[in-house]
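I sat down with this chain to look up a few things and wrote the entries as I went.

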Amino acid sequence: MKLRSKVVGVLLMGSLFLSGCQSQVNTGKDTKVNNTNTSITEGEDVKKIAGDNAKKPIEEEPRYEDTIKLGYSGDLCLGGPNLASLNGYFDKRGIDVEFVNTKNPKDALGTGKLDGLVGEFAGMIVPTTKGLDIVFSSASHTGCKSLYVLNESEITKTKELEGKNLAITNGIGNSNHNTALRFFNHDGVDPDKVSYKQVDNAAVIQAMKDGEIDSAVLDDQFAKSFVDKGVIRPIRSMTDDEDFGNEVCCVLAFNGTFAKENPLIADEVASAIQEANDYIENNPEEATKKLYDNNLASGDFEAGLDLMKSYDYSVKNELAEKTLESIFTDYKKIGLIEDDRNVEDLMKSYWLPLGSFYDEK
């Protein structure tokens, strides 16, 4: 493999600090997708298929001489792949990587226009079970979303949101909405008694101040400055609460066909990103500074550093596996997953643990 890595299109950085984990930068070149892709069939055991293919030398894998296309993100919490590139972790493994901006990263991944990306479990699971060719492979970190109300609001718990409004900033059925439904499921809240309003991220705080909405699930990265100013406060959190705080929020996912046909290459990619996550965990200030210095993050540095320190990047694949099982269980109970397969069969189809860096340690 060629020993080089590059970032494609790292402009448009000014607003990235406020964009949150949910987004990828839009270069203006939208990706056309086919949501009927069904490369992963019911009953398929992806670990067995990948394991059989891994018996061949890496030089015989179809993508051995190719550049591996990873989804680009300028979000601090998704900085692992960027730091893997900056620190030479891909290069030392002989992986040539290209970072690609796309408006619809999940669709680009599921249809093979991307080979891999680090993103939120909550936003990828439902479209994956509906046909996108995606497998989940390596833990990234914990935390990153919370349910917020105005600081002066009388609301202190999710049950009090029944009969009130919840803002959805990244689309009904996407990660923020699904996260709210998991909160409600754990807390015994009737989701049908909550009104959901789609509100642009840039307008959500003002909408709360104007009384148009009562609450919102937001990325902690976006919310941080408003929390620090005493404008909003969390009442439920994926980052800090006992039942969610130890879950893996973000995960390295691969195009399923790519990972099954090229398991050794995918394993090297996963291991490089795991090494970067380990670097962040042990050197948060240095890692954060490196992202800022290379225009891969923006906004207030100290606020960014506080966020990086709040996430646990030491999580292992075993925790990602438990998290995926828990989300499958919750989503089936909520009705977000209409697939007839049980959780065990869903795990066989979509969980392909990869990465050798932890083993090397």
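The entries below go from the whole chain to one sheet, then to a helix on that sheet and to a single residue.

**Entry 1, whole chain.** I noted that the model is predicted. I looked up the secondary structure and found 14 helices and eleven strands. The chain has 361 residues, and buried residues make up 58% of them. For the surface I got about 14700 Å² exposed, with carbon and sulfur atoms supplying 46% of that area. I then checked contacts between residues at least 6 apart in sequence: 82% of these join residues at least 24 apart.

**Entry 2, one sheet.** I picked an open sheet of five strands and wrote down its order as 8-7-9-6-10, with mixed pairing. Strand 8 (195-198) and strand 10 (232-237) are the edges, and each of them pairs on one side only. On average, neighbouring strands of this sheet are turned by 35 degrees against each other, direction ignored. A reminder to myself: strands of a sheet pair through backbone hydrogen bonds, either parallel or antiparallel.

**Entry 3, pairings one by one.** I started with strand 7 (residues 165-168), which pairs with strand 9 (residues 215-219) in the parallel sense over two bridges. On that seam, L166 has S215 of strand 9 as its bridge partner.

Next I moved to strand 6. Strand 6 runs antiparallel to strand 9, and four bridges join the two. L147 stands opposite V217 in strand 9. Strand 6 also pairs with strand 10, again in the antiparallel sense, over five bridges. Here I noted L150, whose bridge partner in strand 10 is I232.

**Entry 4, cover on strand 6.** How many of the residues of strand 6 are buried? I counted six of its six, so I put the strand down as mostly covered, where buried means under 20% relative accessible area. I also looked at what lies across strand 6 (145-150) and found helix 7 (residues 220-228). Helix 7 lies across strand 9 and strand 10 as well, and runs at about 115 degrees to strand 9.

**Entry 5, T323.** I looked up T323 last and placed it in helix 12 (residues 317-334). Is T323 buried or exposed? T323 counts as buried because its relative accessible area is 1%, and the cut-off for buried is under 20%. Leaving out residues up to four places away in sequence, I listed what T323 touches: F121, E247 and V248.

Definitions and conventions: Residues are numbered from 1 along each chain as its sequence is written. This is a predicted model: local features need pLDDT of at least 70, side-chain atom pairs count only at pLDDT 80 or more; totals for chains, interfaces and linings use all residues. Side-chain values use heavy atoms; hydrogens and water are left out. Two strands pair if DSSP finds at least two bridges between them. Axes are lines fitted to C-alpha atoms, for helices over the stretch in contact, and angles run from 0 to 180 degrees between N-to-C directions. Contact means heavy atoms within 4.5 Å. Buried means under 20% relative accessible area, exposed over 50%, partly exposed in between (1.4 Å probe, protein chains only). Accessible areas come from the Shrake-Rupley method with a 1.4 Å probe; for residues, only the protein chains shown count as cover.
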